[in-house]
Protein chains: 4
Amino acid sequence: VETSSERVGVWLIGARGSVATTAMVGARLVAHGLATADGMVTSGRDFAGTGLPPVADLVFGGHDVAEIPLVKRADALAGERVVPAHGLAAIGDDLEAIDRRIRPGIDVSDRAAGATTSLDRVRADLERFRAEEQLDHLVVVNVSSVEAAPAPHPAHTDLVALEAALAAGDCPLPNSGIYALAAFLVDAAFVDFTPSTATRLPALGALAVREGRCYAGRDGKTGETLLRSVLAPMFAQRGLTVRSWAGTNLLGGGDGRSLAEPERSAGKMATKGGILAETLGYPVDAPLHIDFVADMGEWKTAWDHVSFTGFLGTAMAMQFTWQGCDSALAAPLVLDLCRLTTLALRRGVRGPIEDLGFFFKDPLGTPEHALTRQYDRLVAWAAPARA
Amino acid sequence: VETSSERVGVWLIGARGSVATTAMVGARLVAHGLATADGMVTSGRDFAGTGLPPVADLVFGGHDVAEIPLVKRADALAGERVVPAHGLAAIGDDLEAIDRRIRPGIDVSDRAAGATTSLDRVRADLERFRAEEQLDHLVVVNVSSVEAAPAPHPAHTDLVALEAALAAGDCPLPNSGIYALAAFLVDAAFVDFTPSTATRLPALGALAVREGRCYAGRDGKTGETLLRSVLAPMFAQRGLTVRSWAGTNLLGGGDGRSLAEPERSAGKMATKGGILAETLGYPVDAPLHIDFVADMGEWKTAWDHVSFTGFLGTAMAMQFTWQGCDSALAAPLVLDLCRLTTLALRRGVRGPIEDLGFFFKDPLGTPEHALTRQYDRLVAWAAPARA
Amino acid sequence: VETSSERVGVWLIGARGSVATTAMVGARLVAHGLATADGMVTSGRDFAGTGLPPVADLVFGGHDVAEIPLVKRADALAGERVVPAHGLAAIGDDLEAIDRRIRPGIDVSDRAAGATTSLDRVRADLERFRAEEQLDHLVVVNVSSVEAAPAPHPAHTDLVALEAALAAGDCPLPNSGIYALAAFLVDAAFVDFTPSTATRLPALGALAVREGRCYAGRDGKTGETLLRSVLAPMFAQRGLTVRSWAGTNLLGGGDGRSLAEPERSAGKMATKGGILAETLGYPVDAPLHIDFVADMGEWKTAWDHVSFTGFLGTAMAMQFTWQGCDSALAAPLVLDLCRLTTLALRRGVRGPIEDLGFFFKDPLGTPEHALTRQYDRLVAWAAPARA
Amino acid sequence: VETSSERVGVWLIGARGSVATTAMVGARLVAHGLATADGMVTSGRDFAGTGLPPVADLVFGGHDVAEIPLVKRADALAGERVVPAHGLAAIGDDLEAIDRRIRPGIDVSDRAAGATTSLDRVRADLERFRAEEQLDHLVVVNVSSVEAAPAPHPAHTDLVALEAALAAGDCPLPNSGIYALAAFLVDAAFVDFTPSTATRLPALGALAVREGRCYAGRDGKTGETLLRSVLAPMFAQRGLTVRSWAGTNLLGGGDGRSLAEPERSAGKMATKGGILAETLGYPVDAPLHIDFVADMGEWKTAWDHVSFTGFLGTAMAMQFTWQGCDSALAAPLVLDLCRLTTLALRRGVRGPIEDLGFFFKDPLGTPEHALTRQYDRLVAWAAPARA
């Protein structure tokens, strides 16, 4: 596999957010030799020789409704220990260059201007990025803040209805769906790192399959759910019956503020909730809370309490506390996904890239949640023999 | 596979201990329809149709240096909520019948009487059990308290030297080795549920292979290590670097008292310690304590603190607390192992039964510690197609 | 002080609930010499010589809307390890005798029958108890399940308005207020162990003062709030600034089920919430959850996470997990309060018994929440020199 | 009280250590208006009007065997988030000025040079500091790393024997004792923030009383023991019987490394251990570990598990995790102690300053460990009315 001559573009929806900024800062620090790619899945031994595009070569752009310069965001993140302060000066020019490629995200005025205006604009932004940067591959990644679930609409489930609506100048998609559709229309892959609806809409999935586009998602698993994806299989494999599994998440930052709104957190709750019942095979009493605690900033603490019974009905319990920095956990996965999705593009995968379930709370196209099985599948898929 | 006509004998070293008593109480409650086999691995859907011998049909006997009747032990365990109190009356006769098949374990006087006296006696006990109970298969399971590591001896590593020593009336094996050797000499399988040396001695392993005997071990993973066997792979697969992994175990009961003696706990520490470095691929700062806390009785609390770094070196942490009842966790595994080892005996496995690594802290014959991989291997091995 | 000739009656609102049953079982076990009074505050050395009425001499009765016999409730509690199983047979007759003194609690039909019907009936029940048992002192204790906050009414704040309403055959009080009013009308003391409104209504407080009645409350502090009442002062005294204090409570049982209803849990949240701001002197970001988790039965697990800053703004954190049995924690306090309220009755305390703040989440009559100060005040007040 | 004209000197044993450096950085940042004194006990409302010397006016000097410049130490501490990075440039000159007042600490060669050489030198250093800085009061504070317990010697308990030994040119004191003695000889107060022997030697205590010197100690309580000093009284006051109290401390840094040596940690273990039995009034099973975990740096995590029984013997449990920065917790207390000890000097306190028990694990001169009582005593003592 000859990769070095390829140009891979990464278009981030929510490009000025913490996850996107951390990913771009990290990639540029790696490019300058100021950081290593440690902490990325695809920098591990199991991915040696898979011909993935180098992190240093990824070309970034994106959409965001915010206007704060990336350099300022990077400084703020350094102040919270999300990224190291020492290398930021060296990559200032890089961040400014990316800044110039970030376009305004879809906002209220956009949608008011006419139903398909935003779709047209997003599509044009992507095409311009592809042309100006002479990209061989383009991956659109949604790392924007959580979207409220859209009201049901016939065009969500039926591709014919969707195309009829669009032809009539109507756009009944939520923002995440508009970004996904625009990606498909310009022959880009779409990765949903959030719990938004996007490619969960059957009409968009059908369009991707028909047009030969690929997508991956949904909702990166970075903390509590990551742990659940190894602990729930353990209980199942050991024949231990989970009686209840309670969880509390304390988080600050923009993400915490969004999730403090019930209509937005509903999506998150849904993607978090599936794993237990699907892995254990029976419904579990599982109260779950997401609390916005401003002083925690970019940091998150999750506490889970599991009560279970063993042989002869003996009741036992386990608890865990996870103290993580969400952006530091999510950003390398975003980079991993860009590299791996490029592989899918090269291979012409159509529809959901099922082999990427490892990364997601609600893996599209497959019900498997056990992390090790997901990992082994990923490694096998990425192996050069497959290329 | 026609299994119902087979008679499978289970000979427990440490037959009056908490684990053995819980296993036998459970098996007899199941036999009387007073409990289900829930909480056993092999009662799960993945083992349907594998033709394993029914738990209710297992015939128990064993060795122990203690003389307390099983009925009394069972009552004490019910008082600590390890087994249910309600069904004990119904199985009193069964326990008394087993009591009559429990022979004195190897003790100091035995070994003083002559080097090979204890070996000869154990062997005779096993032969008598096999004959009197007309057993088709015999599985010897070591669930005795932890043994101090033996001083090195040439006969431990070299089978020729071992047989020469035995021929000369010398027996340079620790107790666990004597039990294993006796098992092999009477064509029984040997399962080591403890961290004792036993089948880790190369001379015994060589003898098993030469004679076509099988064995499994070592040291059942029931709590802290069980969790480590799913969490350590998670860190590895996610590219998160573990900087330190500290553990504290508080436990009462006989096991806690034994492990409070440094020369005994050394074995436990060793089997517990391997998993981290072997899974992660680098050495980890991992202080580990086992504290005897009398008031905890049969219950155990383990606390682990893991500090790790992610992308760009961001330092994060997780903790867990595990509050389990060791005997309730270990006993079903002992029954699982008896059933599965019978399968190995039917199939004529020679040497370590590598497919049973799922159950052990220090799996003999294989370096794989990731629980899900161990589980998938176990299920594949047990599948009827293999029979 | 000659106490042995006094007869002290304890009338429990919610007499068949877990707390009441545990308290009565405990008192009767102590009376029969089958348990000690260990675990009660007033059995400690600091209360020696204070002339409190012996636990064994307390005479019990009460109201409840449930009809399940106490013997059955006691058995169920023994099954959950709240009370010991072994002594229950010996106190069966005692529990049946108490059963005969338990009257139907106020229910919907009562209130429908006429505004003051329930007040009249409760009052008559109390008078009959006092007469039949020839009581010297009577303490009414509210241990019923949490009540939803009543809609505001002018008669709640103004005693004149309340008495006018009652004279007109109208009874604008919530149930807890009716019980408190009935208690005052028959010269009994009233202790509110719940977060219900009861004596927090100014009109009832005014009546108590005018008539020379005493009362205590509100909402026994048994777990999370108990810990907060020692930890919050620690942060304050050390000059450590609490930035956030998040709490999650998992509980089953009847109490958990009640608190799962938002309009009931509101009261609990309110009494729990006050302590932080009042102790620290500034508002704190303090999300709090109470989750009903059926499988936890009578047991409760609370997890609190405190983030705080020290000198030069350094951010730090602490967490605690409390795993308690609410009834086992509350019942001895109920007995303590009966004994101590008898002291207040002897001394003719009017209005809130401020010296009992030690026991409550929302101590009536005093803003002090620091446990040690509350304890020292209690001990000083109970001292014989005061008698 | 006119305080502004007084000059108060603070002489730190271990002046280049983390605690000392943090204290001095903090004091100088406060002096420059770059930080507030928040996080100090004596900056709280309860100490308003007590006439304590301003933190900004304290004059620092000290001994240390290390030679690393304070500016470098401060930078390293900023890198670990112990002190803020932003103000360090502004106080660089201040730190360099203090650097010039730091003298070499007692080391092996000193003691080899002649028994009383080190005493003479320390004494001369203190006298010079007092003279050059024209100090009105001098407080010597021991914040050096933990010292191994000295072998017993008659001169430790008997002042006459001690003075005879000194007169004979022999100095049978451990280093901490030499510093204390030197302090007393130059009319300075001595504060022991470590678990070293120092003023716990009866001969030194006797000398202080005879000469009218005051001292305070021992071993600042900053984390696990601070929590124990509020939780243990809670269990006692509530009549809850503690059955076991296990603790594990993970810490890095120089302190962690020292405490990893058993002969040094013994002292720490001793001062930590007293509080439980002394507060509860009975011995408690209390395994305690201090683990050096290099990657934790200046940060410490302590986990405690308490099992206890309540009414009728019901067994319950609590756990806490404390994640603190020891230097950030200790440094403000060192400054508090300097201010408060100045008050003791003004008032002519002789012997142990018992009113400072609030700060210590092993409070000299008083068995009271309950934090709130210690706090109330401190506030009362410091109140202006006493001045």
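The following is a conversation about the symmetry and salt bridges of a predicted model.

Colleague: What should I know before reading the residue names and values?
Modeller: Residues are numbered from 1 along each chain as its sequence is written, while chains are lettered from A and ligands numbered from 1 in the order in which they are written. This is a predicted model, where local features need pLDDT of at least 70, side-chain atom pairs count only at pLDDT 80 or more, and totals for chains, interfaces and linings use all residues; side-chain values use heavy atoms, with hydrogens and water left out.

Colleague: By what turn can chain A be laid on chain B?
Modeller: A turn of 180 degrees, with a shift of 0.0 Å along the axis, lays chain A on chain B with an RMSD of 0.1 Å. That is the relation of a two-fold axis. The superposition is by least squares on the C-alpha atoms of residues with pLDDT of at least 70 in both copies.

Colleague: And which residue of chain A comes closest to the rotation axis?
Modeller: That residue is A:Phe320, whose C-alpha lies at 2.0 Å from the axis.

Colleague: Through what surface do the copies meet?
Modeller: They meet through the same surface, because 100% of the interface residues of chain A are also interface residues in chain B. Contact here means heavy atoms within 4.5 Å.

Colleague: Changing topic, how many salt bridges are there over all chains?
Modeller: The count comes to 88. A salt bridge is a side-chain nitrogen of Lys or Arg within 4 Å of a carboxyl oxygen of Asp or Glu.

Colleague: May I have an example from chain A?
Modeller: A:Arg16 and A:Asp99 form a salt bridge, at 2.4 Å from N to O. A:Arg16 lies in the loop between strand S1 (8–13) and helix H1 (18–31), and A:Asp99 in helix H3 (residues 92–99), so the pair ties together parts that are 83 residues apart in sequence. Helices (H or I, at least four residues) and strands (E, at least two) are DSSP runs, numbered from the N terminus.

Colleague: Is A:Arg16 buried or exposed?
Modeller: A:Arg16 is buried, at 10% relative accessible area, and A:Asp99 also counts as buried, at 14%. Buried means under 20% relative accessible area, exposed over 50%, and partly exposed in between (1.4 Å probe, protein chains only).

Colleague: What about C:Glu132 and C:Arg128?
Modeller: Their side chains meet in a salt bridge at 3.1 Å, N to O. Both residues belong to helix H5 (residues 117–132) of chain C, and being four residues apart they are separated by about one helical turn. C:Glu132 is exposed, at 51%, whereas C:Arg128 is partly exposed, at 40%.
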